[in-house]
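Hi there,

Here is the structure I promised to pass on. Have a look at it first, and my notes follow below.

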Amino acid sequence: MAGIESIRARRAELNLTQQDAAKRAGTSLATWRRFENAASSKVALEGFRAETLQGFARALKVNSTGLHELVTQGTEPSTGSNRTTAIDLEAERAARDFNRAFTGAPLTAADAAALHLTVASSGFPPTVDGRYHPETSYDFEAYLRSESSIREVDLLCDLPDFVLTQVNNYWLIRMGERIMRIGIELEEGRIPKPQCLADRFAASIVISNTDVPEPGDLDDFYPGIQYASDVYGYDPDTDFPEDGSIDYEWMDRVAGALVCTEEDDEPRYTELILMNAYGQGVYDPTDPRHPLHWFDIDANRERCKEEIATLYLPEAEQRARTAQAMQRLSNLFGHREE
């Protein structure tokens with residue numbers, strides 16, 4: 001029974017209930033209980049997938065070797081063993097994938113891994129189909145059952161006050177899925193560019209809840225991950241901070257990639273951020289800034305796409321499209337005169 005007691009002792013040390021631990025691990029409560037109950041067996045870890053084992057390790061804040069020792073030996077977590085497990089291999093693979101996909105322009109591998117870890121540890125971890133499933137979010141499910149406040153749901157609780165007072169549960173689920181999308185995109189090696197206003201708020205919330213990745217912080221979960229100093233030869237967030245705040249330097253740099261860029265801006269987002277800072281809000285459902293319209297495709301983004309696409313058309317086709325547009329206008333005004 002040493003393994004069971006060790007897991008429970010570690011969980012108690014971190015002040016986690018089984019439900020809390022399951023949420024951090026991104027598993028169901030039933031899966032966590034099965035893990036704890038099997039912990040006294042030397043083959044306890046063989047019944048779980050590598051990503052699930054990595055979630056267990058993340059929840060208990062140990063590396064793969066530490067998890068193996070907690071389960072099979074009941075010892076304190078350590079990093080002295082050279083034993084290779086499925087968790088090690090999965091962690092190394094994830095680190096290689098991040099290193100290959102994110103080379104510092106605009107995110108480093110450590111940036112992407114840290115952001116992904118925030119999403120994976122939330123109530124809306126990445127899923128295969130990109131949809132919300134009740135068993136993955138106990139805090140949110142407790143809220144849906146009226147057993148807790150939305151203020152107790154990770155990440156969603158950071159939405160502006162005027163939003164939380166005007167939306168329904170369906171809206172909140174959709175917002176959680178936009179948070180989930182960030183983790184999925186990063187996992188697949190892509191920068192999660194915003195597609196709608198909700199994506200910009202989702203990205204800003206994930207960024208503000210992510211610790212600045214400094215050398216050594218992620219090594220237990222992503223061995224061999226490349227930090228900013230590995231990419232640039234120096235750390236742009238710590239070596240030359242313009243405002244004296246490392247956190248703000250990192251957040252500004254990452255926000256430039258995930259929230260707003262010079263080429264792809266959304267004026268509604270900036271306006272709403274300022275309004276919220278002054279305690280203002282939008283209460284007219286017909287207003288395009290209202291939360292009901294946050295999932296609409298950004299008009300500015302679509303306009304830019306259309307203009308760029310037109311520039312690459314052959315000159316003859318550009319003239320033909322212009323003539324068609326002028327003809328439509330002529331027909332419209334001619335119809336009005338009649």
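Let me start with a small puzzle: where is the place of L155? L155 is in the loop between α8 (138-144) and α9 (161-164). Its phi is near 70 degrees, a positive value in a residue other than glycine. L155 is also buried, with a relative accessible area of 4%.

Before you go further, please keep in mind that this is a predicted model.

**The overall picture**

The protein has 16 helices and zero strands. Of its 338 residues, 47% are buried. Taking contacts between residues at least 6 apart in sequence, 63% join residues at least 24 apart. The protein exposes about 17600 Å², and carbon and sulfur atoms supply 49% of that area.

**The pockets**

I expect this is the part you will want to open in your viewer. The largest pocket has a volume of about 970 Å³. Its lining is made up of 35 residues, and those that lie nearest the centre are G26, R49, E51, P126 and E187. Several helices give two or more residues to this lining: α3 (29-37), α4 (50-60), α6 (86-101), α7 (109-120) and α10 (169-187). Sorted by class, the lining of the largest pocket has 13 nonpolar, 12 polar and 10 charged residues.

The second largest pocket comes out at about 710 Å³. It is lined by 24 residues, with K61, L117, T118, S121 and D211 the closest to its centre. Here the elements that give two or more residues are α2 (18-25) and α7. Helix α7 therefore appears in the list for the largest pocket and in the list for the second largest pocket. By class, the lining of the second largest pocket has 10 nonpolar, five polar and nine charged residues.**Two alanines in the pocket-lining helices**

Both α6 and α7 give residues to the lining of the largest pocket, and I looked at one alanine in each helix. A91 is found in α6. Is A91 buried or exposed? A91 counts as buried, because its relative accessibility is 5%, and buried means under 20%. Not counting residues up to four places away in sequence, A91 touches Q54, F221, Y222 and P223. A91 and D220 are 129 residues apart along the chain, yet their C-alpha atoms are separated by 8.4 Å.

A112 lies in α7, and at 0% relative accessibility A112 counts as buried. Leaving aside neighbours within four places in sequence, A112 is in contact with F98, F102 and L186. One of these, F102, is 10 residues from A112 in sequence, and the C-alpha atoms of the pair are 7.2 Å apart in space.

**Backbone details**

The loop between α6 and α7 holds P106. The peptide bond from A105 to P106 is cis, with omega near 5 degrees, in case your preparation workflow needs to know about it.

N15 has a phi near 60 degrees, which is again a positive value in a residue other than glycine. The place of N15 is in the loop between α1 (2-13) and α2. N15 counts as exposed, because its relative accessibility is 68% and exposed means over 50%. L155, with its positive phi, is buried instead.

**An aspartate in a loop**

The last stop is D287, in the loop between α14 (267-277) and α15 (299-311). What is the relative accessible area of D287? The value is 16%, so D287 is buried. A polar atom of the D287 side chain lies 2.8 Å from the backbone nitrogen of R289. Apart from neighbours within four places in sequence, D287 is in contact with V282 and H293.

That is the tour. If you only have a few minutes, I would begin with the largest pocket, at about 970 Å³, and the five residues nearest its centre: G26, R49, E51, P126 and E187.

Best wishes

Terms used: Residues numbered from 1 in each chain as written. Predicted model: local features only at pLDDT ≥ 70, side-chain atom pairs only at ≥ 80, totals over all residues. Heavy atoms only, no water. 1 Å grid on protein atoms, 1.4 Å probe; cavity = no way out; pocket = protein on both sides within 12 Å on 5 of 7 lines; lining within 4 Å. Points joined across faces, edges and corners; volume = space filled by probe spheres on them. Helix = DSSP H or I, 4+ residues; strand = E, 2+ residues; numbered from the N terminus. Nonpolar A, V, L, I, M, F, W, Y, C, P; charged D, E, K, R; others polar. Buried < 20%, exposed > 50% of the residue type's maximum accessible area, 1.4 Å probe, protein only. Contact = heavy atoms within 4.5 Å. Areas by Shrake-Rupley, 256 points an atom, 1.4 Å probe, with all protein chains shown as cover. Polar contact = N/O pair within 3.5 Å; in protein donor to acceptor, adjacent residues only side chain to side chain.
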